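Please look over the sequence and the model below before reading on. The report after them is meant to be read with both in view.

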Amino acid sequence: MAISKTLNSAGTNPRGVVAQFEQQYAGYRRQKRVYAALFGTVFVLCLIAALVTTQFNLWKLIAGIPRATEFLSKMLPPIHLDSFAKDFGEWYWGAAEWFDSLLNTLLMAYLATVLGTIIGGTISFFAARNLAQNYLVYWVARRVLEIARTVPDIVWALLFVLAFGIGEVAGILAITTHTLGAQGKLFAEVNENINPLPIDGIRSAGGNWFHEMRFGVLPQVLPNYLSYTFWRIELNVRSATIVGFVGAGGIGLDLFTAVQMLYFADVGAILLIIVATVMVIDMLSEKFRHSAIGKASFAH
Amino acid sequence: MSARLADITEVDIAAERERNPGAFGAPLRQRLNAWMAWGGTTALTIYCLYRFGLLSGNFLHGVSKFGETVVAQMFPPAGYGDIPLFLKAMGETVAMAFLGTLLGAFVAFPFSFLASKNMTRSRPIQFATRRGADLLRAFDYLIWALIFVRAVGLGPLAGIMAIAIVETGTFIKLYSEAIENLDRKQIDGVTSLGGNWLHKIWFGVLPQVLPMMLSNTLYMFEHNTRSATILGIVGAGGIGFLLGDRLRAYELREACLIIILVVLTVYAIDYLSKFLREQLIGDHKRREPIDDAVQI
């Protein structure tokens with residue numbers, strides 16, 4: 001922009017044009033260098049501050065790598081092809097207990113998703129600017145959702161363990177709380193983006209409020225709700241595997257115990273179960289999500 | 001088409017229904033499927049409520065206990081004298097996220113070229129790098145932290161390693177996606193001028209992918225700051241260590257103060273990161289609302 005302006009003001013003198021261009025180009029280069037130097041200095045200062053604060057020690061890190069790899073390699077016990085079934089069976093000696101925990105984990109994630117979605121979905125109508133009755137209700141609803149999702153689910157789990165004791169209930173409540181915050185916010189955004197014309201159409205055809213919501217609003221928001229919910233199940237399965245670290249039930253509790261007791265092979269076996277589960281759930285959820293999004297494109 | 005509403009007879013409607021069955025509601029099978037899906041969801045939910053004892057009196061007892069012995073004990077927050085200590089731990093948390101993200105980015109950078117279809121001719125190498133990255137990402141930060149605390153001891157180093165491992169996987173994926181989306185013509189231009197391999201990367205690839213990589217890295221730094229606040233709960237340093245400590249010791253008022261500090265820091269980092277990305281790259285529109293809801 002600036003260069004073309006210069007070209008115009010320099011008129012028809014080609015030498016003047018080149019000289020001015022060179023001058024301006026040098027100016028740009030200088031400015032860029034100044035910015036780069038400034039950014040670099042700030043970056044290096046941040047780096048030094050971070051290294052000092054964490055008492056970072058590269059030698060300790062390098063010394064830690066073999067220990068960590070040793071830990072990781074011990075997780076896979078020797079399995080020979082000729083005695084595969086026997087070795088594998090020995091590795092998964094606790095399979096019955098672990099798969100029971102896994103079932104609990106999945107059901108925890110499911111229940112928390114359902115409860116969180118119902119509660120969050122209800123609050124989302126008060127937290128949508130176009131649907132809220134008055135500003136105070138809107139403000140309170142927004143803050144409730146914010147607190148519910150900004151406090152990490154593992155912190156909620158710690159708090160609920162204090163009241164409900166060690167077990168799945170604390171985990172369900174923790175994930176429910178986090179879910180209602182996240183779903184409420186996303187649903188409120190969906191609610192704010194609805195097209196009012198279908199509602200007008202139903203009203204003009206003599207529909208009442210229920211008809212407006214059922215046939216005007218719901219078809220617009222439901223596909224998005226469903227898509228977000230499948231996606232949330234995926235995240236909640238991951239959460240449900242870790243809330244056990246603080247005693248809130250599920251397979252995380254087995255993993256935590258195995259790590260604390262240094263039962264390496266058990267840690268490996270449980271991690272394999274978790275990874276396989278997370279991958280299968282991700283795949284299923286993606287499939288369902290795409291079908292839900294497919295319906296979304298029909299609804300508009 | 002001058003037919004009035006009154007002229008339409010039942011016969012006309014029946015004929016129309018015959019011609020366009022879809023306009024009069026979903027077919028029976030589709031409706032049955034929908035009812036079965038909703039019915040199944042409800043049934044499973046009721047079973048879960050029953051299985052985990054959420055329908056029993058014990059649960060109600062727990063709820064009232066939660067109100068009396070947890071929520072009521074948290075307010076008003078206390079421990080203002082410890083604020084310097086908390087702030088120092090908060091600084092440690094941010095530093096952990098910073099170093100972990102940086103380390104992950106450095107390790108991921110060369111591998112991201114291996115993982116890009118347009119940079120790596122050998123499909124097995126490209127595929128193996130991608131799947132390896134997926135495996136690193138598959139475990140949560142806390143799982144890695146738990147393992148590294150056992151391997152290198154309590155403290156921020158375990159947290160840095162946990163973040164670096166997960167981020168290596170994430171950045172290989174994000175960077176290689178950026179590399180795969182680049183415009184081939186700039187590389188062809190460098191080739192036509194006689195540039196060698198290094199020239200092609202330096203003048204053809206990097207100018208295109210670097211802004212995207214920077215933006216992704218900043219965004220993950222923001223995300224990791226949130227994750228780092230809780231790594232300490234399993235012993236990996238930072239503010240989470242103090243929070244877990246206070247909660248287990250039933251010092252709920254101090255825990256409440258720490259939670260407030262964590263929430264405020266998360267907000268501050270959110271705004272700072274948004275501001276920086278707008279200043280540096282100007283791609284604030286790239287961020288989808290779905291990202292905002294992904295907290296830890």
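What follows describes the confidence, the chains, their domains and their contact.

This is a predicted model, in which local features need pLDDT of at least 70 and side-chain atom pairs count only at pLDDT 80 or more, while totals for chains, interfaces and linings use all residues. Residues are numbered from 1 along each chain as its sequence is written, and chains are lettered from A and ligands numbered from 1 in the order in which they are written.

**Confidence**

The predictor assigns the complex an ipTM of 0.78 and a pTM of 0.79. For chain B the average pLDDT (the predictor's confidence in each residue, from 0 to 100) is 82, and 92% of the residues score at least 70. Among the elements of chain B, helix H4 (residues 83-114) has the highest mean pLDDT, 90, and helix H12 (residues 289-293) the lowest, 40. The pLDDT is below 50 over residues 283-296 of chain B, a stretch that has 20 contacts in the model beyond near neighbours in sequence. Where pLDDT is low, the predicted coordinates should not be read in detail.

**Chains and domains**

Chain A contains twelve helices and zero strands, where helices (H or I, at least four residues) and strands (E, at least two) are DSSP runs numbered from the N terminus. The radius of gyration of chain A is 29 Å, whereas a compact globule of 300 residues would have one near 19 Å; this radius is taken over C-alpha atoms, and the globule rule is 2.2 Å times the number of residues to the power 0.38. Along its principal axes, the C-alpha trace of chain A spans about 90 × 75 × 45 Å.

Both chains are listed below with domain bounds that come from an automatic or database domain assignment.

| Chain | Domain 1 | Domain 2 | Distance between C-alpha centres |
|---|---|---|---|
| Chain A | residues 2-56 | residues 91-299 | 48 Å |
| Chain B | residues 10-63 | residues 85-293 | 42 Å |

**A kinked helix**

In chain B, helix H3 (residues 57-74) has 18 residues and should span 26 Å at 1.5 Å a residue, which agrees with the 25 Å between its end C-alpha atoms; the expected span is 1.5 Å times one less than the number of residues. H3(B) nevertheless has a kink of about 30°, centred on B:Phe66, the bend being the angle between axes fitted to the seven residues ending there and the seven starting there.

**Where the chains meet**

Contact, meaning that C-beta atoms placed from the backbone lie within 7 Å, joins 45 residues of chain A with 49 residues of chain B. Helix H7 (residues 153-164) of chain A gives the most to the side of chain A that touches chain B, with eight residues.

How values were computed: Two residues are in contact if their C-beta atoms, placed from the backbone, lie within 7 Å.
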